[in-house]
Amino acid sequence: GTTGQSKRLEGIMIRNADNLTSGDVLYRTHIQTYGWEEDWKKNGAMSGTSGQAKRLEAIQIKLEGDLAAKYDVYYRVHAQTYGWLDWAKNGESAGTAGYAKRLEGIQIVYVPKNGAAPGSTNRPYVEK
């Protein structure tokens, strides 16, 4: 994504970054006017929309299989007017709901299981 350019994310595809460990990366997004996607996407499938001019407002990401046994997934989003929110972990919500704020960027990191968070985890999600 971007920061400081007022560009919205409309869709995202996430793949497993650890080619040596089996398992899946699952994710779903909160989409303008639609809300949370019902189904979780995985391993490179599109979450969100394309060509509909709908912004992503929040995301959830989790791991399965050996990947989940080896890592925790942390992620944070850059949200319109909020900037970088704090880190969410293992399926928690990151972003906003009820404020009509676009996601502008997403940062995702794997941390060895039960390792320290990459930063503050106090406020990853803001909801009305």
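**Strand pairing, unusual turns and side-chain links**

Lys42 counts as partly exposed, with a relative accessibility of 43%, because this value falls between the limits of 20% for buried and 50% for exposed. The structure considered here is a predicted model, and Lys42 is a good place to start reading it. The side chain of Lys42 meets that of Asp24 in a salt bridge, with N and O 3.4 Å apart. Asp24 belongs to strand E2 and Lys42 to strand E4 (residues 41-42), so this pair ties together parts that are 18 residues apart in sequence.

The salt bridge of Asp24 and Lys42 has company: the count comes to 7 salt bridges. Another one links Glu37 to Lys41, where the closest N and O atoms are 3.7 Å apart. How buried or exposed are these two partners? Glu37 is buried, at a relative accessible area of 12%, whereas Lys41 is partly exposed, at 22%. The value for Lys41 lies just past the cut-off, because buried means under 20%. A further salt bridge is formed by Glu57 and Arg55, whose closest N and O atoms are 2.8 Å apart. Both of these residues, Glu57 and Arg55, are buried. Salt bridges can also share partners, and in this way Asp72, Lys89 and Lys113 are joined into one network.

Attention now turns to strand E7, which spans residues 71-79. Is this strand mostly covered or mostly open? E7 is mostly covered, since 8 of its 9 residues are buried. As a general point, side chains in a regular strand alternate between the two faces of the sheet. Which strands pair with E7? Strand E11 (residues 103-112) is joined to E7 by 9 bridges, and the two run antiparallel. Within this pairing, His78 has Gly105 in E11 as its bridge partner. Strand E9 (residues 88-89) also runs antiparallel to E7, with 2 bridges between them. Here Tyr74 stands opposite Lys89 in E9, and Lys89 is also a member of the salt-bridge network described above. Strand E8 (residues 83-84) pairs with E7 too, again in the antiparallel sense and over 2 bridges. In that pairing, the bridge partner of Ala79 is Gly83 in E8.

E7 and E8 form a hairpin with 3 residues between the strands, and in this hairpin Thr81 takes a positive phi near 65°. Why does such an angle deserve a remark? Most residues other than glycine have a negative phi. Thr33 likewise departs from that pattern, with a positive phi of about 65° although it is not a glycine. Thr33 sits in the loop between strand E2 (24-31) and strand E3 (35-36). At 63% relative accessibility, Thr33 counts as exposed, because the cut-off for exposed is over 50%. Ala100, which is not a glycine either, has a positive phi near 55°. The loop that holds Ala100 runs between strand E10 (94-97) and E11, and Ala100 is partly exposed with a relative accessible area of 43%.

Loop residues can also be covered, as two further examples show. Thr49 is found in the loop between strand E5 (47-48) and strand E6 (56-64). With a relative accessible area of 7%, Thr49 is buried, because that value is under the 20% cut-off. Which residues does Thr49 touch? Apart from residues up to four places away in sequence, Thr49 touches Glu10, Gly11, Ile31, Tyr34 and Lys54.

The second example, Asn16, lies in the loop between strand E1 (11-12) and E2. Asn16 counts as buried, at 17% relative accessibility. Its side chain reaches the backbone oxygen of Thr21 at 3.1 Å. The side chains of Asn16 and Tyr110 are joined by a polar contact of 3.3 Å. Once neighbours within four places in sequence are set aside, Asn16 is in contact with Thr21, Gly23, Val25, Asn43, Leu67 and Tyr110.

Note on methods: Residues are numbered from 1 along each chain as its sequence is written. This is a predicted model: local features need pLDDT of at least 70, side-chain atom pairs count only at pLDDT 80 or more; totals for chains, interfaces and linings use all residues. Side-chain values use heavy atoms; hydrogens and water are left out. Buried means under 20% relative accessible area, exposed over 50%, partly exposed in between (1.4 Å probe, protein chains only). Helices (H or I, at least four residues) and strands (E, at least two) are DSSP runs, numbered from the N terminus. Two strands pair if DSSP finds at least two bridges between them. Contact means heavy atoms within 4.5 Å. A salt bridge is a side-chain nitrogen of Lys or Arg within 4 Å of a carboxyl oxygen of Asp or Glu. A polar contact is a pair of N or O atoms within 3.5 Å; within protein, one must be able to donate a hydrogen and the other to accept it, and residues adjacent in sequence count only if both atoms are side-chain atoms.
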